[in-house]
Amino acid sequence: MAAYKGRRWLPDNRTFDDYEGGPTIEMLRPPSNVHPTMIYHSARMELSAAWATWVDHGYRIKPSTFQMFYQCRPLDTMEHIMPIGTLDSYDSSMQVPDRVTGAYSLDRTGAQKGGSGVRISDVVILSASDMIKSAEQYDPPLQEQCRYGHDLFVRGCTSGSDGDERPIYVDLELDAIRFDEDDISISVDIDSIIWMTKTLRLRGTIGVYMTPPFHSKPGISKHNHAYLDLLIPQSEEDAHEPGGRAEWLSLRVKMDSIPHLCIGRISSAASTLNVYIFFPRLKHDDAISGKKVTIIPNEVEDIFWDRVLLPSIGDCADISWQAYMKQSLQEARYKNKGGSGTTGGKGTQKIIPLSNDDFLEVQVRMHDRIKDGHMELSMFGSCFFVLEGKGIKLITKDGQRGRFQGPEDALLHNLPDLDWNHMMDRTHGELLVDVGISFTPRSSDVPVVGLWRLDALEASFGAGGYNKGQLHHHNTLSRYGALQAEMQRERCQQTHVAFRSAYNLYYEAVRTTNNQVSFAMDSDAYKTSSNYMTECFNIARVLTGSKGKTYGVRDEYRTSGKAARLILESVMSKAEEYLRSDPVLWIPSEVWFGFLARRVREVQRTQIAIVRRHPQNLGILTSILNYMLRSTTSTPIVFDSHLRESLALLEYRNVLETAGMFFLQDFDLANDTCLYDVQQQDDITVLALMGANTKSEEFPLGRRPSWARLKSAIASSPAHIMKPWVWLSRLSRTQLSVGRLFVMCTRHLWLMLKDEIFQGIRPCPESLQEAMKCWTTTSITDTLAAVTFDACNRTPGPYRCDPWTPELLKKGGSQWFSLWTGEGYIAEFHRLLKGMDDDEKTLLQDGLADIFSNLHCLPASTAAAVWRVKQSAIVFVTNPAFYKIECLGRAGESRRGPVVRRPVNVIKGKRIFTADLMDVMPFDALGALRKQSDRQKRRDLHKKLTKANKHKRVPPPPRSRTRSRPFPLSSPNPVCDDTMDVDD
């Protein structure tokens, strides 16, 4: 743009504010003998130090304080609205970089015919629908492992049947749907307004709060891309010079950095506009942190309401209105107390309606009272007002379907309390208007989602002269997302365009009411708490429910009021021209939301798996996985240094470029730390952020935890509480018969379970070491789909009921029955005992006891059941010899136990297990294998079943219809006791 030669700012006016006698820069240095946050009274009562920091810091306003743009008509505004930055040869479907396809030359002079090139064949290019279909082959419950889904959505690779893995590149263009220009609807609206002025003038009424409203953060808590020029305090030398002030240096500050209060609102059936009062004299930074301080303390708020606002309202009230309007802050709070009799809090605030004339008079009285208050109220001087209206797009969109001439006309009719002509006059302040353009396909058959192509979007922002801005990679995709940027300052002041934001409307599917991203904290994911699980399920449910809706894209501009009028008049032709450059990808909603939902599910599944294993860097891994999870619905801001360092070590940007999406390509659940490139052990800072116990690794729960706390820890993360299982060298000297018998026991116990409850391979050990390793918590978690662990408080040794003793029932209804007969290991154990003397029996039993004393855990068996189920999970009891504690301490607070559900049947039927038991390799005491043909096995099974049917209870024959006889009846054929089963 050409150099600007016109008038820039409003002329200065020495009567606009109080410029003389204020604090100087030298006076603003904090006193060395006063603590900046809190002081203590002699009676040991803590008193607020607001009097020391919330004072007049010397900032003043001038007539041009509110001006963000030059005093001229907007110049070349439409050339900066949706400019096309791509070339005519731009092909939107080519979103895969050359380094992935290998379509580049190695010649120094570039690509030449017949030149040497690179051929890359180890990368698989997949669309989102291809990934969904591949993962749908197997989608078990979250507690079970899913290799296909984990590899595709977490690791970013394909998993072949032969174990061969190939990295993938995500190309959403393969799912693209093409639309003609006429098939896309373009709509224009006004989304929000911001008006900065010294004197607030309206057409209608304003509701003023009679008490300070409750707030946990400032009304404008983040940067809204609005700036003001504040006059900085003069120096002490200038203050003592004769002739008045000569220093007029100003500082450009963000609006949200100035302390402010919400004093009222303008309400209608269409929307609510908030009215804020700003106090530039209170602007200061924290003496310790150096950050801006914008939350005004309650003591300062009370002073303003009690000595400035309420008395000014009372002074302007007519005699007939004084009963309602003339009151002190204490009286207003008494009337505003809740039903419980307490004052304050989040209750409904008392509002007094004031007309425009009344409120203008109140403003005059406020300035007079502040001036009369001298030093006590001087910090409230130089105040000005900001009117903010957000979320008004629905009442202005395209003139509400033709009811009005356009968005501006709709705004005037729906918000009649605003004096639009007065607000447009820039001598009274600055008006900022957000103009939004939405693109939505008219797709009745297939719902679609629009995604901005970032390469085209960045080119457009660059052609418009915008700053670098903030790039948002949706779902960590490298080529699709959103972009926000401010206009270059000099260009902004001439074009009257301050800010541009292009984003995708599918965000509305998960957007909260206050537009604040709320997700389970890393500490919740670290423990897989109910809050984390519920949040994941809710997100997946919302994403799944959005598959039948259409979401377009949106482009917003924050401009001056005059520039907004120019845009509204000629934006349609500009939007149609920009749309022809093909900057938007249209993808089926079912594919896009299914893609996001499966990503959420697999990241959640991975989090559950690593919490069970509890590696030493669980906190680091949790932060990374939770970042991936948050990215599905928003662009999370990385605050934690350990997460920022981990993403850098994982080469986040490089992975996005080579895979099209962020994946943990080297993630391995079988590894001790799961991810080699990141920090291998959580430090104290990470553990504190995760809410973990930072005690020594030797005693994670302390030396003497309560029984309730120990049970809870064993149930949630046994690997963290129990010492790792190790193979003892002395077990290598175990007798051969003892080792073979325990191997047989392990095989038979695992053989009893149904196939569908396994997520891994059914254990079939070949040695004693392999058999004992099958009973570790890690091996059990990897083998079964759903397990739970119980704590045990018995003394170390054979810490459970030995599965060899005759105390176990041999009834036909017991799960132990098949193990007591035929080929069962218990029957084999007793056959061995019959051929041994007393010393051999003792050696055999001591050897088995030694093995059982060194097991991590075993099934929580009872006298009637081998496997026990609780809430659909198989229960295991752990060995207290492996607990990282010294002893149990006092009992903690009792908690309500979980709801008892009907157990799931995980045991095979008796006939099926008997047949499977006969198919396994039997074992005799001498180490020889008894071979038996299939025909002999079927014959023996037929005999057993026939014998069982033969001895079933037969009901007695029916009585003959004769005359009644005295009891007892005589039977000619009495039934023997040994031929009838008697129920207990």
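Which residue stands opposite Ser-159 in S5? In this predicted model, the partner is Glu-165. This pair is a handy way into the sheet around it. Strand S4 and strand S5, the latter covering residues 165-170, run antiparallel to each other and are linked over 3 bridges. Together with S3 they make an open sheet of 3 strands, arranged in the order S3-S5-S4, with mixed pairing. At the edges lie strand S3 (124-126) and strand S4 (157-159), each of which pairs on one side only. On average, neighbouring strands of this sheet are turned by 45 degrees against each other, direction ignored.

A second set of pairings gathers around strand S24. This strand spans residues 873-878, and 6 of its 6 residues are buried, so S24 is largely enclosed by the rest of the structure. Strand S21 (residues 787-790) runs parallel to S24 and is joined to it by 4 bridges; here Asp-790 stands opposite Val-877. Strand S22 (residues 857-859) pairs with S24 in the antiparallel sense over 3 bridges, and Pro-859 has Phe-876 as its bridge partner. Strand S23 (residues 869-870) is likewise antiparallel to S24, with 2 bridges between them, and Val-869 faces Ile-874 across this pairing. S23 and S24 also form a hairpin with 2 residues between them. One residue to look for in the turn is Gln-871, which has a positive phi of about 55 degrees.

Attention now turns to the nonpolar interior. The largest nonpolar core contains 111 residues, and Phe-304 and Phe-439 have the most contacts inside it. Leaving aside residues up to four places away in sequence, Phe-439 touches several others, among them Met-82, Ile-184, Trp-452, Val-553, Leu-579 and Trp-586. Its contacts also include Ser-185 and Gly-552. A second, separate core is made up of 73 residues, including Tyr-503, Leu-505, Ile-587 and Val-686.

Finally, Asp-582 shows how distant parts of a sequence can be brought together. Asp-582 sits in the loop between helix H17 (561-579) and strand S20 (584-588). Is this residue buried, partly exposed or exposed? Its relative accessibility is 25%, so Asp-582 counts as partly exposed. Beyond residues up to four places away in sequence, Asp-582 touches Tyr-90, Ser-92, Arg-178 and Arg-453. Asp-91 lies 491 residues from Asp-582 in sequence, yet the two are 8.7 Å apart in space, C-alpha to C-alpha.

Conventions
Residues are numbered from 1 along each chain as its sequence is written. This is a predicted model: local features need pLDDT of at least 70, side-chain atom pairs count only at pLDDT 80 or more; totals for chains, interfaces and linings use all residues. Side-chain values use heavy atoms; hydrogens and water are left out. Buried means under 20% relative accessible area, exposed over 50%, partly exposed in between (1.4 Å probe, protein chains only). Contact means heavy atoms within 4.5 Å. A nonpolar core is a set of buried Ala, Val, Leu, Ile, Met, Phe, Trp, Tyr and Cys residues joined through side-chain atoms within 4.5 Å. Two strands pair if DSSP finds at least two bridges between them. Axes are lines fitted to C-alpha atoms, for helices over the stretch in contact, and angles run from 0 to 180 degrees between N-to-C directions.
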